[in-house]
Amino acid sequence: MTAGTVTGAGTTPDQLQVAEVFGPTVQGEGPSLGRRAVFVRLMRCNLTCKRCDTPETWDASRFDLHARTTSMPVPDLVSWALAQPVDLVVITGGEPFIQQRRLVPLVQALSDAGRRVEIETNGTVVPLPELAAHAWFNVSPKVGVFGASDPESKRIKPAALRTLQQTGRAVFKFVITKPDDLDDVARLADEHGLTSIWCMPEGTTPADVVDGPRAWADDAIARGFHVTTRLHVLLWDDAPGR
Ligand code: SF4
C-alpha cells in the first residue's frame, strides 16, 4: 500500500472507504502538535462546510467520489500502520464516524499494539463504546462562517458532544475565522459542558495561519481556551500528503 492510493470502490463489511493514507509526517494541530504520526483519511461526510479543505472526500458535485475511494480491508490498514516507525495514528476524513462500526477492529488492533489512535471528528455522531475504550478524539464542532453551510441543528448534536466529553478522551478544537467566533465557542462549551477547548486558525498559507490568531489569541487565552497553530501549513504550505 502506498500513500495516496486511489482505485475503485466496492466496499465489503470488513473494509473501510479510504481516501488516502500518508506519513510519517507530524500531527499539525491540537494537543499532539508536532508528534510524528501517520494518517488514514476516510471518505464521506455528513456536513457540507463550504470552506472544507478536504471536499474531495464527500462533495459529489465537484469530485468523482467513486474514483477517489479505495476499499481497504482492515487487516491491510493495520499492517501498513504498524509497519510505520511512529506511535501515533490519526484517523481523519471526511467524517470518520460515518464508518465507525468498521473502525472498531482497526482502532482496537492498533491500540493493542501500543499505538495511540486519534480520531478527528466533527462531533455530530455518538461514538461507539468500543471506540471510546481505545481511541482519543479531536472533536471539531463547526461555528461561525465555517459552519454557515449547515443549520446548527445539523452540525451541533448535544448527545454526541456530551458522550464525547464524558469519555474523558476528547478535546474540542474550533476553527476560528473571526474574533466573534469565540462567543459561539464559549456558548457551546457552557451549554454542553465541554472542557479542554482549543482554538485554531483557518488557512492554507503560512500568512493566514500566523496573522489570523493575532486578532483573537489573547481573548481566547483570557477565556481559558488553548490555542493551536497548523504546523503542517507553516512547514509545507498545506501540500497533499503532509
Ligand atoms: S465536517 Fe470536516 S470534512 Fe466534513 S465538510 Fe466540514 S470541514 Fe469538511
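User: Before we look at charged pairs in this predicted model, what counts as a salt bridge?

Analyst: Happy to start there. The model is predicted, and a pair is judged by the gap between a side-chain nitrogen of Lys or Arg and a carboxyl oxygen of Asp or Glu. The pair counts when that gap is within 4 Å.

User: Which residue forms a salt bridge with aspartate 219?

Analyst: The closest N and O atoms of the pair are 3.1 Å apart, and the cut-off is within 4 Å. Aspartate 219 is partly exposed, at a relative accessible area of 33%. Its partner is partly exposed too, at 32% relative accessibility. That partner is arginine 223.

User: How many salt bridges does a search of the whole structure find?

Analyst: The pair of aspartate 219 and arginine 223 is a salt bridge, and so is the pair of lysine 173 and glutamate 29, whose closest N and O atoms are 2.7 Å apart. The search of the whole structure gives a total of 17.

User: How many residues apart in sequence are the parts tied together by lysine 173 and glutamate 29?

Analyst: Lysine 173 belongs to strand β7, residues 170–176. Glutamate 29 is in the loop between β1 (15–26) and β2 (36–42). Because the two sit in these separate elements, their pair ties together parts that lie apart in sequence by 144 residues.

User: Are lysine 173 and glutamate 29 buried or exposed?

Analyst: The deciding cut-off is a relative accessible area under 20% for one class and over 50% for the other. Both lysine 173 and glutamate 29 fall in the first class, so they are buried.

User: Which residues are linked with Glu29 and Lys173 in a network of salt bridges?

Analyst: Glu29 and Lys173 form a salt bridge with each other, and the network takes in further charged residues. Those linked with them are Asp53, Glu120 and Arg230.

User: Which residue pairs with arginine 51 in a salt bridge?

Analyst: Arginine 51 lies in the loop between β2 and α1 (65–68), and its partner is in the loop between β8 (197–201) and α8 (206–214), so the pair ties together parts 151 residues apart in sequence. Arginine 51 is partly exposed at 39%, and the partner is partly exposed at 22%. With the closest N and O atoms 2.8 Å apart, the partner is glutamate 202.

User: Where does the ligand sit?

Analyst: The residues around the ligand include Cys45, Trp58, Gly94, Asn122, Lys142 and Phe146. This shell divides into six nonpolar, three polar and one charged residue. As for its location, the ligand sits in the largest pocket.

User: Of Gly94, Ser140, Pro141 and Lys142, which does the lining of the largest pocket include?

Analyst: An unreviewed UniProt entry annotates these four as "binding site". They are spread over 49 residues of sequence but cluster in space, with a largest C-alpha distance of 13.5 Å. Serine 140 lies in the loop between β6 (136–139) and α5 (152–155) and counts as buried at 10% relative accessibility. The pocket lining includes Gly94, Ser140 and Lys142.

User: Which residue among Val26, Gln27, Gly28, Arg41 and Thr92 does the lining of the largest cavity take in?

Analyst: According to the unreviewed UniProt entry, these residues are listed for "binding site". The residue in question lies in the loop between β1 and β2. It is buried, with a relative accessible area of 2%. The cavity lining takes in Gln27.

Technical notes
Residues numbered from 1 in each chain as written. Predicted model: local features only at pLDDT ≥ 70, side-chain atom pairs only at ≥ 80, totals over all residues. Heavy atoms only, no water. Helix = DSSP H or I, 4+ residues; strand = E, 2+ residues; numbered from the N terminus. Buried < 20%, exposed > 50% of the residue type's maximum accessible area, 1.4 Å probe, protein only. Near = heavy atom within 4 Å. 1 Å grid on protein atoms, 1.4 Å probe; cavity = no way out; pocket = protein on both sides within 12 Å on 5 of 7 lines; lining within 4 Å. Sits in = over half its atoms within 2 Å of the grid points. Nonpolar A, V, L, I, M, F, W, Y, C, P; charged D, E, K, R; others polar. UniProt positions renumbered as here; feature names shortened; annotations may be inferred.
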